[in-house]
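Biologist: I am new to this structure and should like to be taken through parts of it. May we proceed by question and answer?

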Amino acid sequence: MRLSFIFILSLVSALLTDAKGQGFSVSPSRLVFSGSPGETVSQSITFSNNSSTVLSFINRIQDWDRDSLGNKSYYDGGTTPQSNAKWINLSSNSVEIQPGETKQVIVSLNIPQDAKTLTHSMIFFTQVKQQQAAQTRGTSIGINILMEVGVQVYYTPKGLNSGDFEFLAFDDHGITEQNGVKIRTLALKIHNRGDINKDATVKFELTNKETGEEIKVAPQIIAMLPDATQWVLMKIPANLKGKFLAVGLLDAGSTYDLKVAEKEITYSP
């Protein structure tokens, strides 16, 4: 039963792409603290309920990291080397928001004296509805999980090296079949050389060198932890024929130089 409960939470979290729902919002989705070692610093998370029902949430803190494709994995709070879960205190372990109400939860970070590197964790707020369970021995109240939102918490010490991004590879991963459709995948391997978390937009351009035809590919947003390496995948039709120029562009904002990677590919009939 415990395993099923954890699985449901993970599934709900994976399906939620932001902290906004119909008539409900949580902001910000990311807290970045930069106090000095030994200091306690605080920020607030704002809940807004524009729905017609009372919303109730409980919270928990977990560790997380990303795999080589940028997907998040979650762990018990305080169990990974880059965790700051045990530094976090919240002004309330639960929050109830009436219709039309806006409420804040204060997040305090107690920074240890030996804090020297970027750390991160995640605060999950799980909406619950308490219901009277069946009147059987050992049961009294059941909890239905309705939705869940996560707020990332970073601690970034002052003076860290921002570093830069670099391309490590630009490969053709060949043809695979997904849902009965054959696709070809190009993969751009990116490394974050700095000591801080970075966000960037990766754009792909694919041009037929003989006809000038351009294959449109949607841009992708990436977020990379310090010293992380990640593959960004570009899906293209499997039936392309001819000589193509593939271009990958990485834009991390005005603070960083635009990165460009090129690859010439010939697809035979």
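Modeller: Let us begin with a term: a residue is called buried if its relative accessible area is under 20%. Please note also that this is a predicted model.

Biologist: Are Phe47 and Phe125 buried or exposed?

Modeller: The cut-off for the term is a relative accessible area under 20%. Phe47 and Phe125 both fall in this class, and each is therefore described as buried.

Biologist: How are the rings of Phe47 and Phe125 arranged, stacked or edge-to-face?

Modeller: Nine aromatic pairs are counted in the model. For Phe47 and Phe125, the ring centres are 4.9 Å apart and the planes stand at 80 degrees. Planes over 60 degrees apart meet the criterion, so this pair is edge-to-face.

Biologist: How many residues apart in sequence are the parts that Phe47 and Phe125 tie together?

Modeller: Phe47 belongs to strand S4 (residues 40-49), whereas Phe125 belongs to strand S10 (residues 119-132). Ring pairs also link these two with Phe24 and Phe57 into a cluster. The pair of Phe47 and Phe125 therefore ties together parts whose separation in sequence is 78 residues.

Biologist: Does Asn59 count as buried or exposed, and at what relative accessibility?

Modeller: Asn59 is part of strand S5 (residues 55-66). Its contacts beyond four places in sequence include Leu90, Ile123 and Phe125. Because the limit is under 20%, Asn59 counts as buried, with a relative accessibility of 19%.

Biologist: Which backbone oxygen does the side chain of Asn59 reach at 3.0 Å?

Modeller: The side chain of Asn59 reaches the backbone oxygen of Asn93 at 3.1 Å. At 3.0 Å, the backbone oxygen reached by this side chain is that of Ser92.

Biologist: Which residues of strand S8 point to one face and are buried?

Modeller: In a regular strand, side chains alternate between the two faces of the sheet. Strand S8 (residues 94-97) shows such alternation, with Ser94 and Glu96 on one face and not buried. The residues that point to the other face and are buried are Val95 and Ile97.

Biologist: Which residue in S8 is the bridge partner of Leu55?

Modeller: S5 and S8 run antiparallel and are joined by four bridges. Within S8, the partner of Leu55 is Ile97.

Biologist: By what distance are the C-alpha atoms of Pro226 and Arg193 separated?

Modeller: Pro226 is located in the loop between strand S16 (220-224) and strand S17 (229-237). Pro226 and Arg193 are 33 residues apart along the chain. The separation of their C-alpha atoms is 6.9 Å.

Terms used: Residues are numbered from 1 along each chain as its sequence is written. This is a predicted model: local features need pLDDT of at least 70, side-chain atom pairs count only at pLDDT 80 or more; totals for chains, interfaces and linings use all residues. Side-chain values use heavy atoms; hydrogens and water are left out. Helices (H or I, at least four residues) and strands (E, at least two) are DSSP runs, numbered from the N terminus. Buried means under 20% relative accessible area, exposed over 50%, partly exposed in between (1.4 Å probe, protein chains only). A polar contact is a pair of N or O atoms within 3.5 Å; within protein, one must be able to donate a hydrogen and the other to accept it, and residues adjacent in sequence count only if both atoms are side-chain atoms. Contact means heavy atoms within 4.5 Å. Rings of Phe, Tyr and Trp (its six-membered ring) pair if their centres lie within 6.5 Å; planes under 30 degrees apart count as stacked, over 60 as edge-to-face and the rest as tilted. Two strands pair if DSSP finds at least two bridges between them.
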